[in-house]
Every structure is written in C-alpha cells, then in structure tokens.
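Visitor: Please teach me how to read surface features and hollows in a model like this one.

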Amino acid sequence: MSEPAASRTAPAPGFLRTLREDLAAARAHDPAARGDVENALVYSGLHAIWFHRLDHRLWQAGGARRSLARVLSQFARFLTGIEIHPGAQIGRRFFIDHGMGVVIGETADIGDDCMLYHGVTLGGVSMAQVKRHPTLEDGVTVGAGAKILGPVTVGEGSAVGANAVVTKDQPAHSVIVGIPAKARPMAEAAPEELSETFFVDPAIYI
C-alpha cells in the first residue's frame, strides 16, 4: 500500500516541472486533448489544479497568507466551478476531467496519478478540527458524481464508479460501485474490461 501524499518524504519537483506533469496527465487521460497550449488555455480542471498548487503554498506559509489562499481559492471556484480548499494535499500528475461541481475538502489527501470526473465530492462528516476528509492513494480514478465522505481511504489503483457513495475504507486495486459502495477485486473483472477504457471511465462497471 502506498503512502498518502502528506506522509511522503521525497522532495517535491519544481513548480514548472509540476505544471508540465499536469499537462502530460491531461494528454494521457483525455483523448480529446489536442496539445499543451490549447489544453493550458481551455481546460478548467488544469486551471483549478494550478490555482490550488499556488494556494497550497500560501496555506503552508501560515499567518495572513492563509487568508489570501482562501480568497484565491474562491476566485478559482468562480472561474472554474471547482472548489479545492487550499489545505488539501494533492500529489503529482493530478487531473480533473470536465470538473464542474468538484469539491475537495481541507484535509483531503490525494496521491500521485489520480483522476476525478465532474461532480465528485471529497467531503467531511465532522465539525471537529481533525482529519475529516478522504485519502485517495496513488492511481485512484473517481467517476462522475461519486461522493467519498469522511476520513476514509481508497486504496491505490482503485476505481470508484459514477454516483457511488463511499463512507468506509476501500481496498487497493478494487472496483467500487453502488450506494452504499461495495468493492470487488479488479482481478475478478473480465479481461476485456481491463482495457484502456477502464482507466478512462469507471462508469462501465455499473
């Protein structure tokens, strides 16, 4: 099981390298992607991620900069329809496809190579100042409209199906669907299901 982003000790790449990785992730995950320049101009998911990467640095600096981070995050929400709290930990090569209606809470922890579709909520279920939002380990894909609520962990390499509601920890390398969500091992899927299509849209499992 991989470590969540917040616990990694490896040094983070430079800011410009991180942006280039995000662009590469967009190309890798979206067959409609036409080129880095166009993607940088028109992909609201990329814009939201890049705002967050700046906001998160301000948040980590503490003090009055946290207020500035919150203002910038709300400006990003106005521009993109995507709300990411500046306190959220987000790893490398993250991609949000379409993006409208995505909400990522303050203590959410997202690993490397994760992808969210539109309407996804990584929400909290507590008013206490504790870890109250989900952890997505490396390589998790979350389908459109899915809700992952509370300090639960979705194991690495898993796919959460469209409109699933997840309120409990989920194992690695699983397909997670339903309300309430239930997991089954990815190894039980038919070989034709484990195609490139799986990584593009986990809704095929519903």
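Visitor: In which helix is Val42 found?

Guide: Helices here are DSSP runs (H or I, at least four residues; strands are E, at least two), numbered from the N terminus. Val42 belongs to helix H2, residues 36-42. This is a predicted model, where local features need pLDDT of at least 70, side-chain atom pairs count only at pLDDT 80 or more, and totals for chains, interfaces and linings use all residues. Residues are numbered from 1 along each chain as its sequence is written, and side-chain values use heavy atoms, without hydrogens and water.

Visitor: Is Val42 buried or exposed?

Guide: Exposed means over 50% relative accessible area, buried under 20%, partly exposed in between (1.4 Å probe, protein chains only). Val42 is exposed, because its relative accessible area is 53%.

Visitor: Where are the hollows, then?

Guide: A cavity is a set of points on a 1 Å grid where a 1.4 Å probe fits but cannot get out; lining residues have an atom within 4 Å of a point. Its volume is the space filled by probe spheres set on the points. One cavity of 30 Å³ or more turns up in the whole structure, and the largest cavity holds about 40 Å³.

Visitor: Which residues line the largest cavity?

Guide: Ala48, Phe51, His52, Asp55, Ser73, Ala76, Ile82 and Ile84 form its lining. Helices H3 (44-61) and H4 (64-80) each give at least two of the lining residues, with H3 supplying the largest share, four residues.

Terms used: On a 1 Å grid over the protein atoms alone, a cavity is a set of points where a 1.4 Å probe fits but cannot get out, and a pocket is an open set with protein on both sides within 12 Å along at least five of seven lines; lining residues have an atom within 4 Å of a point.
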